[in-house]
Amino acid sequence: MQFDLRQLGRQKGGSLRDEHVDRTFQPSEFVASVGPDEEYKVAAPVHLEMDVHKDGEAYRVTGRVTTRLQLECGRCLEPFEIPVDSAFELRYVPHVEPSTEGEEREVAEDDLTTAFYKEDSIDLGELMHEQFVLALPMKPLCRETCKGLCVHCGTNFNKETCDCAPAWTDPRLAVLKGLIKSEREN
Ligand SMILES: [Zn+2]
Ligand SMILES: [Zn+2]
């Protein structure tokens, strides 16, 4: 999933013309690049559209990536999907060796997110991965009202009920119940 920067075509005048990239990747292509500890799985073909504009040593890349990601609900652990439609604007500068890392951070002079290219190519897998991570919700929930699992037997309360003690009460409610109880005991 590399984009070869040397393929930017030259115009008659000798200047580089902007390159329009329009590619679709299948979910299976992401398996190799996504580690087992990733929080998402690519669940639909990924459509990547972007324009690459050469700007001195740097390349300005603006585009958009759309797909669907599969996540695991933080409450009931069931898989669910979210749509992704992310626009991005990045500036790629030549990769600098780690020994000069201090200088790397000073590269960004504007609001554009700075990324690095190596060996005349942009790693599209990394680009898309970063957009996906940005699109992930803070708390992945299959639905706002997800009832979660019974802590005792693991029953998914969205689907069925169980006979365990009331497994989930609103913490605020629990405090209230405690107050009522202690009042009665007094
Ligand atoms: Zn859930
Ligand atoms: Zn239970």
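Contact means heavy atoms within 4.5 Å. This is a predicted model, in which local features need pLDDT of at least 70, side-chain atom pairs count only at pLDDT 80 or more, and totals for chains, interfaces and linings use all residues. Residues are numbered from 1 along each chain as its sequence is written, chains are lettered from A and ligands numbered from 1 in the order in which they are written, and side-chain values use heavy atoms, with hydrogens and water left out.

**Exercise 1. The core**

Task: state which residues touch the most other members of the largest nonpolar core, and which elements supply it.

Solution.
- Step 1. A nonpolar core is a set of buried Ala, Val, Leu, Ile, Met, Phe, Trp, Tyr and Cys residues joined through side-chain atoms within 4.5 Å. Buried means under 20% relative accessible area, exposed over 50%, and partly exposed in between (1.4 Å probe, protein chains only).
- Step 2. The largest such core has 35 residues; Met50, Leu127, Met128 and Phe132 touch the most other members.
- Step 3. Elements are DSSP runs numbered from the N terminus: helices (H or I) of at least four residues, strands (E) of at least two. At least two core residues come from each of strand S2 (19–25), strand S4 (46–55), S5, S6, strand S7 (113–117) and H2. S6 gives the largest share, 6 residues.
- Step 4. Take methionine 128. Beyond its neighbours within four places in sequence, methionine 128 contacts Met1, Phe25, Phe30, Val46, Leu48 and Val65.

**Exercise 2. Phenylalanine 88**

Task: place phenylalanine 88, decide whether it is buried or exposed, and list its contacts.

Solution.
- Step 1. Phenylalanine 88 sits in strand S6.
- Step 2. Its relative accessibility is 7%, so phenylalanine 88 counts as buried.
- Step 3. Neighbours within four places in sequence are set aside. Phenylalanine 88 then contacts Leu48, Glu49, Met50, Val61, Thr62, Gly63, Arg64, Val65, Leu127 and Gln131.
- Step 4. Methionine 128 is 40 residues away along the chain from phenylalanine 88, with 9.9 Å between the C-alpha atoms.

**Exercise 3. The zinc site**

Task: name the protein donors of the zinc ion (ligand 1), give the geometry, and say which parts of the chain Cys76 and Cys142 tie together.

Solution.
- Step 1. Donors are N, O and S atoms within 2.8 Å of the metal (3.2 Å for Na, K and Ca); water is not among the atoms, so sites may look incomplete. Here the SG atoms of Cys73, Cys76, Cys142 and Cys146 lie 2.3 to 2.4 Å from the zinc ion.
- Step 2. Four donors count as tetrahedral if all angles lie between 85 and 135 degrees. The 4 donor atoms give angles of 106 to 115 degrees, and the site is tetrahedral.
- Step 3. The donor spacing in sequence is C-x2-C-x65-C-x3-C. Cysteine 76 is in the loop between strand S5 (58–72) and strand S6 (79–94), and cysteine 142 in the loop between helix H2 (124–135) and helix H3 (171–185), so the pair joins parts 66 residues apart in sequence.
- Step 4. Cysteine 76 is buried at 4% relative accessible area. Cysteine 142 is partly exposed at 23%.

**Exercise 4. Salt bridges**

Task: state how many salt bridges the structure holds, and locate the partners of aspartate 85 and glutamate 78.

Solution.
- Step 1. A salt bridge is a side-chain nitrogen of Lys or Arg within 4 Å of a carboxyl oxygen of Asp or Glu. The structure holds 4.
- Step 2. Aspartate 85 pairs with arginine 64, the closest N and O atoms being 2.7 Å apart. Aspartate 85 is in strand S6 and arginine 64 in strand S5, so the pair ties together parts 21 residues apart in sequence.
- Step 3. Glutamate 78 pairs with lysine 159, the closest N and O atoms being 3.4 Å apart. Glutamate 78 is in the loop between S5 and S6, and lysine 159 in the loop between H2 and H3, 81 residues apart.

Note on methods. Tetrahedral: all angles 85-135°; square planar, octahedral: opposite > 155°, others 65-115°.
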